[in-house]
Amino acid sequence: MTNSFRDVYTFMPQYFSLLLSKTQIEEIYADNNNFVEAFGNEEFFMLPSTLKVCDFANNRLLKFHFGMPFLLILNLRNNSLGVYLSTKRYTNSSKTYLREVDLSFNSIQDLSFTVFHGHVNTIKINLSNNKISDLTFDLSHLISLEKLDLSCNNINGITSQKSMDTLHKISKTSKLKIDLSNNLLKCKCQNLHFLQWMEANLDMFINSNNYICQVDNNDVVHLTNVQKIIKQLEKECSSYTMLIICITMGIITACITLAAGLMFRFRWRLRYLYYMTRHKYNVLKNIQSSDTYKYDAFISYANEETDFVVNEIIPNIESDDNIKLCIHQRDFVPGEEITHNITNGIHQSRRTICILTRSFLDSYYCMFEFNMARMESIYSRDSQNILFLIFIEQLHPKDLPLVILELVHSQSYIEYPNDEQGNVVFWGKIKDAIA
């Protein structure tokens with residue numbers, strides 16, 4: 001049937017019914033024609049069960065799809081099926097008796113993963129003279145394969161460990177031979193594993209005299225001594241691997257240092273957000289949605305100033321029934337973590353008053369309360385200053401942290417006069433500041 005269909009561009013099984021009815025046709029040669037498509041419809045999808053050879057070589061096929069469970073030889077050489085076969089199969093038969101498949105000269109770059117499913121009887125596959133760069137299709141069904149022709153492609157190596165394992169397994173039962181001649185293999189570090197596998201399975205490869213390999217300086221050498229090239233690569237790649245490890249460790253160290261620096265810089269912000277997150281959602285929601293607070297002021301002081309708080313602050317400020325203070329020795333919830341009590345107390349107070357002494361500056365928890373109040377004013381009070389400092393002893397500016405000095409410069413402080421006339425004015429100013 002060669003050269004019989006020069007003016008026919010689509011080949012469909014109707015031709016079998018019209019021209020070859022009641023025959024026991026075993027071979028059909030539709031090669032050297034102008035067919036662009038060859039596929040079956042719902043009524044005529046299966047090739048005749050008697051057909052053993054189907055030859056559509058040297059056409060212009062863009063699509064080929066039939067049911068072919070009984071076909072033995074399929075020749076689709078020199079067509080344009082590359083795009084079609086990248087996503088589809090040439091048959092939907094779950095199992096086929098195909099022995100030989102020729103897909104050479106089809107501009108194939110990649111094949112559908114399932115293209116050879118059901119090909120348990122196939123012994124020869126020709127994929128030569130295409131543009132294949134790697135074996136990404138499934139080979140596991142090709143248990144009888146004896147020859148896989150991959151010559152004249154763009155294969156640099158096989159990257160899939162599963163493909164290498166499958167080929168090795170098939171070779172143990174069917175004496176598989178693979179032709180990789182006239183491919184530009186890569187003799188580089190990233191391809192070392194493939195070359196080692198190739199050396200371990202050298203008896204699987206044929207026409208090895210035509211194997212060429214590109215080395216690091218882009219020179220091309222003949223791959224006649226695989227073992228020598230592998231030993232040279234192993235030396236080069238070990239130093240290359242060490243360089244990668246050192247660079248990676250350097251990058252990781254730099255990232256950790258940067259992260260640690262950022263965490264240190266924003267440590268009070270992070271701690272504040274952490275403790276606020278732990279606050280019960282419904283309580284937090286009620287507080288944030290209201291302008292009223294449980295306390296008028298949170299008093300932050302060192303234990304050394306307990307007498308001053310109990311004998312001076314509480315009587316003079318809470319004597320006014322409208323003002324309620326949060327004193328940690330009196331108002332903290334027993335059993336709660338102290339940090340949780342502090343953040344809750346500050347969050348539920350309109351202002352935070354710090355009793356500044358040397359003991360305050362030396363106290364971890366006093367400075368914690370001060371910094372939590374700063375974060376509260378920035379992130380929960382729209383940058384409104386809620387801090388007020390009371391100096392009850394002389395402190396030199398050089399002894400004060402920078403953040404406290406900033407508050408002093410903004411006049412958010414008052415000094416305790418420690419005399420009867422000055423005390424009246426002092427406590428009045430404190431009440432005004434709280435209000």
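1. Let's start with the term we need: a disulfide is a pair of cysteine sulfur atoms within 2.5 Å. In chemical terms, it is a covalent bond between the sulfur atoms of two cysteines. Keep in mind that what you are looking at is a predicted model.

2. How many disulfides does that rule give here? The count comes to one. Its partners are Cys 187 and Cys 213, and their sulfur atoms sit 1.6 Å apart, so the pair falls within the 2.5 Å cut-off. Turn the model to look along the S-S bond: the angle about that bond is 125 degrees, and the link of Cys 187 and Cys 213 is right-handed.

3. Now see what this link joins. Cys 187 is in the loop between strand 11 (184–186) and helix 4 (192–200), while Cys 213 belongs to strand 13 (residues 212–214), so the disulfide ties together parts that are 26 residues apart in sequence.

4. Are the two linked cysteines buried or exposed? Cys 187 is buried, because its relative accessible area is 3%, and Cys 213 counts as buried too, at 0%. Have a look at two other cysteines while you're there. Cys 326 is buried at 2% relative accessibility, whereas Cys 152 is partly exposed at 28%.

5. On to charges. Side chains of opposite charge can pair when their charged atoms come close. Searching the whole structure turns up five salt bridges. One of them pairs Arg 358 with Glu 393, at 3.3 Å from N to O. Arg 358 lies in helix 11 (residues 358–362) and Glu 393 in the loop between strand 18 (387–391) and helix 13 (402–409), so this bridge ties together parts that are 35 residues apart in sequence. Both ends are partly exposed: Arg 358 has a relative accessible area of 40%, and Glu 393 has 31%.

6. Compare that with the bridge between Arg 381 and Glu 376, where the closest N and O atoms are 2.9 Å apart. Here Arg 381 is buried at 8% relative accessibility, and Glu 376 is buried at 0%. Elsewhere, Glu 318, Arg 330 and Asp 331 are joined into one network by salt bridges that share partners. Within it, Arg 330 and Asp 331 have their closest N and O atoms 3.1 Å apart, and Arg 330 is partly exposed at 39%.

7. Last stop, the surface. Phe 70, Leu 72, Ile 73 and Tyr 97 make a nonpolar patch of about 340 Å². Tyr 97 is found in the loop between helix 2 (82–85) and strand 7 (100–102), and its relative accessibility of 45% makes it partly exposed.

Note on methods:
Residues numbered from 1 in each chain as written. Predicted model: local features only at pLDDT ≥ 70, side-chain atom pairs only at ≥ 80, totals over all residues. Heavy atoms only, no water. Patch = residues over 30% accessible without salt bridge, like charges linked within 9 Å, V, L, I, M, F, W, Y side chains within 5 Å. Areas by Shrake-Rupley, 256 points an atom, 1.4 Å probe, with all protein chains shown as cover. Salt bridge = Lys/Arg side-chain N within 4 Å of Asp/Glu carboxyl O. Helix = DSSP H or I, 4+ residues; strand = E, 2+ residues; numbered from the N terminus. Buried < 20%, exposed > 50% of the residue type's maximum accessible area, 1.4 Å probe, protein only.
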